[in-house]
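Thanks for asking me to look this over. My notes are below as numbered points, so you can check each one against the coordinates.

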2 protein chains.
Amino acid sequence: MNSLPATATEHERLIRKLASIAVLTAAERDALAGLPLRLRSIPENTDLVHEGETPSECCLIVEGFVGRYKLLGQGQRQIMSFHIPGDIPDLHTLQIRVMDHSLGALAPCRVAYIPHAALTDLVRTHPGLCTALWRDTLVDAAILREWLANIGRRNAHQRLAHLYCEIYMRLHAVGLAEGRRFVFPVTQAELGDAQGLSTVHINRVLQDIRRDGLIASDGTETVISDWLRLQAAGDFEPEYLHLRPDAGAEFHTRSAISARVVVGRASPTLT
Amino acid sequence: MNSLPATATEHERLIRKLASIAVLTAAERDALAGLPLRLRSIPENTDLVHEGETPSECCLIVEGFVGRYKLLGQGQRQIMSFHIPGDIPDLHTLQIRVMDHSLGALAPCRVAYIPHAALTDLVRTHPGLCTALWRDTLVDAAILREWLANIGRRNAHQRLAHLYCEIYMRLHAVGLAEGRRFVFPVTQAELGDAQGLSTVHINRVLQDIRRDGLIASDGTETVISDWLRLQAAGDFEPEYLHLRPDAGAEFHTRSAISARVVVGRASPTLT
DNA sequence: CGCAGATTTGAATGCAATCAACACTGGTGG
DNA sequence: CCACCAGTGTTGATTGCATTCAAATCTGCG
């Protein structure tokens, strides 16, 4: 149940994601599984949607990595969130038609487009899914708040450590991180635009963090070498992700939650 | 219609706010006007709700000023948003039970508590209000994104100019700013915690902005002396507030001309 | 008046940006 | 097959915006 490797279907990705933050009934899962999807492959560094548009579909990320960003007056870029498979980063267009930011593929992506009409039907016929989708946009906002605190009040080392904790936990919650390993295909320039730091400084701080033995990187994959120290370094407390206990309980270090049975065993070969 | 002075009732405040971002039918206004409210006065510097709680009511701000904040590990505070009369800053507790941040009164407030049960009834019987409330939380998130860009990529002068533009437009949209005057009862220390800057630096930058003739302050009220130059100084474009045209159309000056058609991506080095 | 909170000013320090090269990688085309 | 190129990562030197520390007003208020 915990491992849902790259073979998952598009609908499974979405269901898995929503199940990580809300309780879904069997009927609701079925309804989600019946959503009409239009699949597309998106090359790296191209926009899924951009600022000013009024899309009539939402993008479900099936594979890859997406960044939400704004371009500011002086040509600077601020990346405001990272999005992973299972996310619908423009779900808000159901209620706010015009995009006030852009969504770009940070890595080659497979995206499933869902017509707005299908989603509005869904929430009308399934109030529980209305709740779940609303909740999804609220978790998105909660993550945004944590990023704001991160950028506003933490130094570069803390920011990066915190970001790696978050990305790991989110990937883990949808079955995309096994054994504290995961792929995080984001360049240092993009990390800088996400953290409000320069590329050069990202590079130096990342070296520090690697040298301290908190994370390591073997080519395409990132490994968290010392989860507890990384959490401490990033002042990271995962409550803001609002994950359901069975998706994240093992990480709630502060609030004492009973140990859970680990289903997915440590597989020597990953992915 | 545009002026709704301090005499407005609690329900009118809420209706006025929602009408500034969504279309409300007569029936929906009536339903809102029938909401049960429990009124309370909150002294300055006390919390309405705080992190970790699971409230069973939402707070409608009727009068005063509220800040949403988190306390970080090293005793620092990050204020993540300001809230004004008409706002329901903890509306998200309808869907996410546990607060991941606190709400504090930055000025003496009058607050109307609305039971969750009344709100869930409301959205069940009035789908249009479900849409409006969902949309309200999404506008909240859009403002958060702009704050993130503000703190991440703008310098202190731009940040403060931008903030003053936003506060003015939001107050104006609910009838609380006449003639570019408004009360903004926030200390420089609080501004610093909101902008990720030190109190001392806020003080110096505010002096600059006043000296440049962008804003002025006569005791309790703030006046925007030069709206166009303040907008320019803050790189401010109001689309992200998602105000309905009759609430904010007069301000869409710059962006109406320079349509934001951004093709391609920001190259981090475009010298 | 006396006090606490808020604002203001000065001086020294520091974190991160900027500027400028250089190394490394994978992909492209001659 | 190799030269070339663009994107990415790395390093050094310098600059600057903002912080920190400290203390002096200013303000409202009991």
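**Notes on the DNA contacts and the chain interface**

1. A word on the source before the details: this is a predicted model. I begin with DNA strand D. Of its atoms within 4 Å of the protein, 60% are sugar or phosphate atoms, and the rest are base atoms.

2. Which residues come closest to DNA strand D? Of the 15 residues that surround this strand, the closest are A:Gln188, A:Asn203, A:Arg204, A:Gln207 and B:Ser198. By class, the residues of this surface split into four nonpolar, eight polar and three charged.

3. Some phosphate contacts of DNA strand D deserve a look in your viewer. A:Gln188 uses a backbone N or O atom, placed 2.8 Å from a phosphate oxygen of the strand. With A:Asn203 it is a side-chain N or O atom, and the distance to a phosphate oxygen is 2.7 Å. Chain B takes part too: a polar side-chain atom of B:His201 sits 3.1 Å from a phosphate oxygen of DNA strand D. The elements that supply two or more residues to the surface near this strand are helix H7 (199-211) of chain A and helix H7 (199-211) of chain B. H7(A) has the largest share, with five residues.

4. Now for DNA strand C. There are 15 residues around this strand, and A:Ser198, B:Gln188, B:Asn203, B:Arg204 and B:Gln207 come nearest. Sugar or phosphate accounts for 65% of the atoms of DNA strand C within 4 Å of the protein, with bases making up the rest. The surface near the strand consists of four nonpolar, eight polar and three charged residues.

5. How far is the polar side-chain atom of A:Ser198 from a phosphate oxygen of DNA strand C? The distance is 2.8 Å. For B:Asn203, an N or O atom of the side chain lies 2.5 Å from a phosphate oxygen of DNA strand C. For B:Arg210, the distance from a polar side-chain atom to a phosphate oxygen of this strand is 3.4 Å. H7 of chain A and H7 of chain B are the elements that give two or more residues to the surface near DNA strand C. Here the largest share, five residues, belongs to H7(B).

6. On to the protein-protein side. The size of an interface is often quoted as the accessible area lost when the parts come together. Chain A and chain B bury about 5100 Å² between them, and 60% of that is on carbon and sulfur atoms. In chain A, the residues that lose the most area to chain B are A:Trp134, A:Arg145 and A:Arg153, which together make up 19% of what that side buries. Counted by contacts, 58 residues of chain A meet 52 residues of chain B.

7. The polar side of this interface is also worth checking. Six salt bridges are found between chain A and chain B. One of the salt bridges joins the side chains of A:Asp100 and B:Arg145, at 3.3 Å from N to O. Between the two chains, 24 residue pairs are in polar contact, with both residues at pLDDT 80 or more.

8. Finally, what does chain A bring to the side that touches chain B? The elements giving two or more residues are strands E4 (66-71), E5 (77-83) and E6 (102-105), with helices H4 (127-153) and H6 (188-195). H4(A) gives the most, 19 residues. The residues on this side of chain A divide into 25 nonpolar, 19 polar and 14 charged.

Note on methods: Residues are numbered from 1 along each chain as its sequence is written. Chains are lettered from A and ligands numbered from 1 in the order in which they are written. This is a predicted model: local features need pLDDT of at least 70, side-chain atom pairs count only at pLDDT 80 or more; totals for chains, interfaces and linings use all residues. Side-chain values use heavy atoms; hydrogens and water are left out. A residue is near a molecule or strand if one of its heavy atoms lies within 4 Å of it. A polar contact is a pair of N or O atoms within 3.5 Å; within protein, one must be able to donate a hydrogen and the other to accept it, and residues adjacent in sequence count only if both atoms are side-chain atoms. Helices (H or I, at least four residues) and strands (E, at least two) are DSSP runs, numbered from the N terminus. Ala, Val, Leu, Ile, Met, Phe, Trp, Tyr, Cys and Pro count as nonpolar, Asp, Glu, Lys and Arg as charged, and the others, Gly among them, as polar. Contact means heavy atoms within 4.5 Å. Buried area is the accessible area (1.4 Å probe) that two parts lose on being put together, summed over both. A salt bridge is a side-chain nitrogen of Lys or Arg within 4 Å of a carboxyl oxygen of Asp or Glu.
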